[in-house]
Amino acid sequence: MRTPIIAGNWKMNKTPAEAVAFANEIKDALNAIEGIDIAFCPPAITIPAVAEAVKGTKIGIGAQNMYHAEKGAYTGEIAPNMLTPFCQYVILGHSERRAYFGETDEGVNKKIKAALAHGLTPIVCVGESLEQNEAGETHDFVSGQVRAAFAGLTADQAVRCIIAYEPIWAIGTGKTATTEQAGGIIGQTVRATIAELFGTEAAQTIRIQYGGSVTPENAAELMAHPDIDGALVGGASLKPSFVDLVRNAARQRQGESERAEIKLA
Ligand code: PGA
């Protein structure tokens, strides 16, 4: 059974003081939720303070980006070993970075390898645009992104990653993919591509999240799909009701495993 994970991608929101205050406000309630992994991905400058605030809880910390090189003349960039004292996760290849900051498939691949070499868990983002979706190109495009991101990895390395399937047309738009749409692409495209590349065991092991306008209201429904292992949450992770979102997702998954146990007995 894969443990689901919900990560809050705070994007470019909250000053250090606001970030710490928010983490302190919701950390105890989140810490009490069982059966699900939880991470905050705050802005880089706030990472040490937020990591300190959540110390001793189950909440992990993720960066929103990093550079692949160890050190050197890369003005404005952050190296993997600068993150490791504070972070367990790093989001890589988010569509906003691909759209606004020149992130390429090759760059994402290098960053994944660097993150793994430093013991960080990459949260690798893939997803199609509205035009690609309407043109029926979703499967080929998303499968291609997965192949490019995971090029040259071993199966052992691949299963240490998390993939976030985030259709660009659903990010920040209030337009969520339906459970069938999201679960279908995650199962038949993302997980199927991992199976082709690394075998069925790897495909059954790797965790794949959905992202794009996930809310406290729709989290449980999305989690009802057996291929959806959690969520990467933007806007809804900035509010105290993020606790309800995580709780609703965890309850859905726990209900399912209880039903499965009853069937087995
Ligand atoms: P959203 O963002 O939840 O605000 O749609 C998701 C993401 O970009 O990770």
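Me: A polar contact is a pair of N or O atoms within 3.5 Å. What makes the pairing of the ligand with G172 fit that term?

Reply: Happy to check! An oxygen atom of the ligand is 2.6 Å from a polar backbone atom of G172, so the pair counts as a polar contact. This is a predicted model, in which local features need pLDDT of at least 70 and side-chain atom pairs count only at pLDDT 80 or more, while totals for chains, interfaces and linings use all residues. Residues are numbered from 1 along each chain as its sequence is written, and side-chain values use heavy atoms, with hydrogens and water left out.

Me: Which part of E166 faces a ligand oxygen, and which part of S213 does?

Reply: For E166 it is a side-chain N or O atom, 2.6 Å from an oxygen of the ligand. For S213 it is a polar backbone atom, at 2.7 Å from a ligand oxygen. The protein covers 95% of the 280 Å² of accessible area (Shrake-Rupley, 1.4 Å probe) that the ligand has on its own.

Me: Which residues around the ligand come nearest?

Reply: K11, H94, E166, G172 and S213, out of 13 residues around the ligand (a heavy atom within 4 Å). By class, the shell has four nonpolar, seven polar and two charged residues, with Gly counted as polar.

Me: What is notable about the backbone of K11?

Reply: Its phi is near 50°, a positive value in a residue other than glycine. K11 sits in the loop between β1 (5–9) and α1 (16–31). S213 also has a positive phi, about 55°, without being a glycine, and lies in the loop between β7 and α11 (219–223).

Me: Why is the meeting of D37 and R207 called a salt bridge?

Reply: The term asks for a side-chain nitrogen of Lys or Arg within 4 Å of a carboxyl oxygen of Asp or Glu. The D37 and R207 side chains meet at 2.9 Å, N to O, so the name fits. This pair links strand β2 (residues 37–41) to strand β7 (residues 207–211), 170 residues apart. The structure holds 11 salt bridges.

Conventions:
A polar contact is a pair of N or O atoms within 3.5 Å; within protein, one must be able to donate a hydrogen and the other to accept it, and residues adjacent in sequence count only if both atoms are side-chain atoms. Helices (H or I, at least four residues) and strands (E, at least two) are DSSP runs, numbered from the N terminus.
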